[in-house]
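Hi,

Here is the structure I promised to pass on. My notes on what turned up in it are below.

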Amino acid sequence: MINTGNHLAFYSTKEWKHIRSEVRKRDNNECQGCKRQGKVFTNKSEPDKRKRLDVDHIKELEDYPELCLSIDNLETLCLRCHNIKHNRYVKKENKWNDEQW
Ligand SMILES: [Zn+2]
């Protein structure tokens, strides 16, 4: 039984790493959020691919822990789509300026 209460522990399990690579393969390493908008965002769009393409739980991990390793509940998203989905898009350019005096 996977403990999803501790996210960091969950994301470092070999089960998660395995299903994550399966999802990316299924999605051809393309952001599904961009795809729905008629755009294509692949690893080739961004040199630092590990940072830019994420695998997201369509139904949140907290709400549906039983779907944590269900491939139907997973999709590939770029960092931007992922942040928009979770409403946590932060303008990184401004972040440092705000913290400087
Ligand atoms: Zn995207």
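Let's start with strand E2 (residues 74–78), which is mostly covered, with five of its five residues buried. Buried here means under 20% relative accessible area with a 1.4 Å probe, protein chains only; strands are DSSP runs of E with at least two residues, helices runs of H or I with at least four, numbered from the N terminus. Leu74, Thr76 and Cys78 are buried on one side of E2, and Glu75 and Leu77 on the other.

This is a predicted model, where local features need pLDDT of at least 70, side-chain atom pairs count only at pLDDT 80 or more, and totals for chains, interfaces and linings use all residues. Numbering runs from 1 along each chain as its sequence is written, and side-chain values use heavy atoms, leaving out hydrogens and water.

Now the zinc ion: its protein donors (N, O and S atoms within 2.8 Å of the metal, or 3.2 Å for Na, K and Ca; water is not among the atoms, so sites may look incomplete) are the SG atoms of Cys31, Cys34, Cys78 and Cys81, at 2.2 to 2.3 Å. Along the chain they are spaced C-x2-C-x43-C-x2-C. Cys31 is in the loop between H2 and H3 and Cys81 in helix H5 (residues 79–85), so this pair ties together parts 50 residues apart in sequence. Cys31 is buried at 1% relative accessible area, and Cys81 is also buried, at 9%.

One last residue: Asp27, in the loop between helix H2 (14–26) and helix H3 (32–36), is buried at 6% relative accessibility.

Cheers

Definitions and conventions: Buried < 20%, exposed > 50% of the residue type's maximum accessible area, 1.4 Å probe, protein only.
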